[in-house]
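This report is meant for a reader who meets this structure here without earlier acquaintance. Please look over the sequence and the model before reading on.

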Amino acid sequence: MTTASLESPFVSAVTLLGGEGVLHAQPRVVMDWIPLVRQGLPSACVDAVVRITGITQTELAHALAIPERTLARRKREGALSPEESAKLLRFVRVVARAETVFEDVNSALNWLQSPNASVGGVSPLSLLDTEIGADSVLDTLGRIEHGVFA
């Protein structure tokens, strides 16, 4: 895997998180994200993800395994915790990867929200609350992109 292919989902992640204006940073490579996650992403990123993807805050909270009340509190506080930031970044990386594979954000979101036999008959979105679930979804997206089906 080339460095460019590793970093490309992160470039799209910037847009999904509301852009450089919301992030107050210009992450360009994987290592640029580490301090942002450690300090906590701005809570405005949650609103951006909801607005751009069209999923509800309830669906996002469920996909991140973060209680809705916690997300509401973070909005008042202005920043997510490092753990919550890592979960949100994982989520947008998967959405960005799905958008790349399906070449359309609406098709990507439809696939993520629909039950899928390749991930045990559940929706890929329902697996994003864990790292191993997200890895499984990313693996499935890679197989779709390359036309490899088990």
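With which residue does Arg73 form a salt bridge, and how far apart are the closest N and O atoms? The partner is Glu77, and the closest N and O atoms of the pair are 3.9 Å apart. The model in which this pair is found is a predicted one, and the sections below start with the whole chain before they return to the helix that holds Arg73.

## The chain as a whole

The secondary structure of the protein chain comes to nine helices and zero strands, so that, read from the N terminus on, its elements run α-α-α-α-α-α-α-α-α. The radius of gyration is 15 Å, which is close to the 15 Å that the globule rule gives for 150 residues, and the chain is therefore as compact as a globular protein of that length. Along its principal axes, the C-alpha trace spans about 45 × 35 × 25 Å.

Of the 150 residues in the protein chain, 43% are buried. The chain exposes about 7,700 Å², and carbon and sulfur atoms supply 55% of this area. When contacts between residues at least 6 apart in sequence are considered, 54% of them join residues that are at least 24 apart.

## The two sides of helix H6

Helix H6 covers residues 68–77, and Thr70, Leu71 and Arg74 are buried in it. These three residues cover an arc of only 100 degrees around the axis, which puts them on the same side of H6. The face of H6 that is turned away from this buried side carries the exposed residues Arg69 and Arg76.

What covers the buried residues of H6 includes three other helices, namely H4 (44–53), H5 (57–64) and H7 (82–102). H6 is followed by Gly78, whose phi is positive, near 100 degrees.

## Ser43 and its neighbours

Ser43 is found in the loop between H3 and H4, and with a relative accessible area of 7% this residue is buried, because the cut-off for burial is under 20%. When residues up to four places away in sequence are not counted, Ser43 touches Arg74, Lys75, Gly78, Ala79 and Leu80; of these, Arg74 is one of the buried residues of H6, while Gly78 is the residue with positive phi that follows this helix.

Arg73 also belongs to helix H6, and the C-alpha atoms of Arg73 and Ser43 are separated by 9.4 Å, although the two residues are 30 residues apart along the chain.

## Salt bridges within and between helices

The count of salt bridges comes to nine. Arg73 and Glu77, the pair with which this report began, both lie in helix H6, four residues apart, which is about one turn of the helix. Arg73 is partly exposed, with a relative accessible area of 34%. The pair does not stand alone, since Arg73, Arg74, Glu77 and Glu84 are linked in a network of salt bridges.

A second pair with a spacing of four residues is found in helix H7, where Lys87 and Glu83 are separated by about one helical turn; in this salt bridge the closest N and O atoms are 3.7 Å apart. Are the two partners buried or exposed? Lys87 counts as buried at 15% relative accessibility, whereas Glu83 is exposed, with a relative accessible area of 55%.

Asp47 forms a salt bridge with Lys75, and here the closest N and O atoms are 2.7 Å apart. This pair links distant parts of the chain, since Asp47 lies in helix H4 and Lys75 in helix H6, 28 residues apart. Both partners are partly exposed: the relative accessible area is 36% for Asp47 and 32% for Lys75. Lys75 is also among the residues that Ser43 touches.

## A nonpolar patch on the surface

Which residues make the nonpolar surface patch of about 300 Å²? Val29, Val30, Met31 and Ile34 make this patch. Ile34 is found in helix H3, which covers residues 30–39, and at 30% relative accessibility Ile34 counts as partly exposed.

Notes. Residues numbered from 1 in each chain as written. Predicted model: local features only at pLDDT ≥ 70, side-chain atom pairs only at ≥ 80, totals over all residues. Heavy atoms only, no water. Patch = residues over 30% accessible without salt bridge, like charges linked within 9 Å, V, L, I, M, F, W, Y side chains within 5 Å. Areas by Shrake-Rupley, 256 points an atom, 1.4 Å probe, with all protein chains shown as cover. Salt bridge = Lys/Arg side-chain N within 4 Å of Asp/Glu carboxyl O. Buried < 20%, exposed > 50% of the residue type's maximum accessible area, 1.4 Å probe, protein only. Arc of directions from axis to C-beta. Contact = heavy atoms within 4.5 Å. Rg over C-alpha atoms; globule rule 2.2 N^0.38 Å.
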